Amino acid sequence: MDERIFTVSEAQSLLPRLRTVLAEVGQEWEHIRRLNPEIQKARDSAPLDGISKFGVEYVESVSHLTSLIHQIKDLGVLLKDAEKGLCDFPYIKDGRMVYLCWQLGEDSIQYWHDIETGFAGREPLDEKDK
């Protein structure tokens, strides 16, 4: 499947949905992190038939997190950091492929970066992009 190419306005229109999904991603991520010590105890005891009363809850949480990440991917958005809510949108700038860059907490899409440079290479969009 080919990568979806966004305009700034198309990417911008997805932000309300992304905010909702990424809030859920953050909740599930934190839930998994809280359960992980108990699950690790069960893993460590596995050779001795170790079980955890949190096993089903953990698996359900991981499954839900996976589903949320797939929802983002199905929109054509590249989730770069689930914890930070960092997303990239394929975009054509001056005839070449780059990424529009947005993260949870930002009001709108204001930055882009080369594919190779990532977040560290973020640059502000200029007027012709908007």
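The following exercises trace the sheet of this predicted model and the helix that lies across it.

**Exercise 1.** Determine in which order the five strands are arranged in the open sheet, and which strands lie at its edges.

*Solution.* Begin with the sheet as a whole: the five strands follow the order 1-2-3-4-5, and their pairing is antiparallel. Next, look for strands that pair on one side only, a condition met by strand 1, residues 78-81, and by strand 5, residues 123-124, which are therefore the edge strands.

**Exercise 2.** Work out how strand 2 is joined to strand 1 and to strand 3, naming bridge partners and turn residues.

*Solution.* Take the side of strand 1 to start with: three bridges join strand 1 to strand 2 in the antiparallel sense, and L79 stands opposite C87 of strand 2. The hairpin of these two strands has four residues between them, and within this hairpin G85 adopts a positive phi near 70°.

Then turn to the side of strand 3, where residues 86-93 of strand 2 and residues 96-103 of strand 3 pair antiparallel over eight bridges. Among the partners, L86 is matched with Q103, while D88 is matched with C101. Two residues separate the strands of this second hairpin, and D94 in its turn has a positive phi of about 50°.

**Exercise 3.** Establish how many residues of strand 2 are buried, and which strands helix 2 lies across.

*Solution.* Counting as buried any residue under 20% relative accessible area, one finds seven of the eight residues of strand 2 buried, so that the strand is mostly covered. Helix 2, residues 15-45, lies across strand 1, strand 2 and strand 3, and runs at about 55° to strand 3.

Technical notes. Residues numbered from 1 in each chain as written. Predicted model: local features only at pLDDT ≥ 70, side-chain atom pairs only at ≥ 80, totals over all residues. Heavy atoms only, no water. Contact = heavy atoms within 4.5 Å. Axes fitted to C-alpha atoms, helices over the stretch in contact; angles between N-to-C directions. Buried < 20%, exposed > 50% of the residue type's maximum accessible area, 1.4 Å probe, protein only.
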